[in-house]
Amino acid sequence: MSEQTQEPGGAAPRRVVVAGAGMAGVQTAAALRERGFTGEVTLIGAEPHQPYDRPPLSKAVLLGTAESSAFEVDFEELGIELRLGCEVTGLRPGDHELDTEAGPVPYDVLVIATGAEPLRLPGAEGVPGVHLLRTLDDAERLRPVLAGRHDIVVVGAGWIGAEFATAAREAGCEVTLVEAEERPLAGVLPAEVAAPMTAWYAQAG
């Protein structure tokens, strides 16, 4: 988007609000500045942490080889307003307002980059020993689990599950990886690439 980008009514947007402070949201906000947009840019994130990249959570952060994976972006220099620890609760398109816990946020252009939520197993809510892995706080809660070398069952052999399984093995845990498909990473890699990984997991224990 450039400064000349126009709204349906013909006026140049004055304020862009990006809901979601993950990779997509951060890159969108930074790209607006890189392409010359001079209006207001507000980046809203539900977590209180400085915006960070999620892939390292499933290995480097868990194993303590990295304390965080914050993006190396100078938001102040770029003139991007950060609203962290601010959960979005609703959207009113007719009013051009985003509802948040801290009150309504007006926008000319809204970018929704909130990402995905992990699937929750029925009956698992609040059960001791059952964890989700999506956020930095989740990874920090799981560190002592790996340090305790517990027996671990990982549900889902996508990128996050696969990375977590290898991190848990590296930490000395006994790991069982459960996947509905016939092979790991079935949703993201072709069979000829993903199928050999099954043997690799077996060799890794």
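**Salt bridges, cores and a surface patch**

Glutamate 117 is exposed, with a relative accessible area of 56%. In this predicted model, glutamate 117 forms a salt bridge with arginine 134, and the closest N and O atoms of the pair are 3.9 Å apart. Both residues lie in the loop between strand 7 (109-112) and helix 3, so the pair ties together parts that are 17 residues apart in sequence. Arginine 134 has a relative accessible area of 17% and is buried, because buried residues are those under 20%. The salt bridge therefore pairs an exposed glutamate 117 with a buried arginine 134.

Twelve salt bridges were found in a search of the whole structure. One of them links arginine 92 to glutamate 97, with the closest N and O atoms at 2.7 Å. Arginine 92 counts as partly exposed, at 28% relative accessibility, and glutamate 97 is also partly exposed, with a relative accessible area of 22%. A further salt bridge joins the side chains of arginine 169 and glutamate 174, at 3.9 Å from N to O. In this pair, arginine 169 is partly exposed at 30% relative accessibility, and glutamate 174 is partly exposed with a relative accessible area of 48%. Arg15, Glu40, Glu81 and Arg83 are joined into one network by salt bridges that share partners.

The largest nonpolar core contains 18 residues, of which Leu62, Leu146, Ile152, Phe164 and Ala168 touch the most other members. At least two residues of this core are supplied by each of helix 3 (136-147), strand 8 and helix 4 (159-170). Helix 3 gives the largest share, five residues. Apart from this core lies another, made of twelve residues, including Val16, Val18, Ala29 and Leu43.

The surroundings of isoleucine 152 were examined further. When its neighbours within four places in sequence are left aside, isoleucine 152 is in contact with Val145, Leu146, Phe164, Ala168, Cys173, Glu174, Val175 and Thr176. Among these contacts, Leu146, Phe164 and Ala168 are also listed with isoleucine 152 as the core residues that touch the most other members. Glu174, another contact of isoleucine 152, is the salt-bridge partner of arginine 169.

Nonpolar side chains also occur at the surface. Leu121, Val153, Val155 and Val178 make a nonpolar surface patch of about 360 Å². Within this patch, valine 155 has its place in strand 8 (residues 151-155). Valine 155 counts as exposed because its relative accessibility is 54%, and exposed residues are those over 50%. Strand 8 thus holds valine 155 of the patch and also supplies at least two residues to the largest nonpolar core.

Notes:
Residues numbered from 1 in each chain as written. Predicted model: local features only at pLDDT ≥ 70, side-chain atom pairs only at ≥ 80, totals over all residues. Heavy atoms only, no water. Patch = residues over 30% accessible without salt bridge, like charges linked within 9 Å, V, L, I, M, F, W, Y side chains within 5 Å. Areas by Shrake-Rupley, 256 points an atom, 1.4 Å probe, with all protein chains shown as cover. Salt bridge = Lys/Arg side-chain N within 4 Å of Asp/Glu carboxyl O. Helix = DSSP H or I, 4+ residues; strand = E, 2+ residues; numbered from the N terminus. Buried < 20%, exposed > 50% of the residue type's maximum accessible area, 1.4 Å probe, protein only. Core = buried A, V, L, I, M, F, W, Y, C linked by side-chain atoms within 4.5 Å. Contact = heavy atoms within 4.5 Å.
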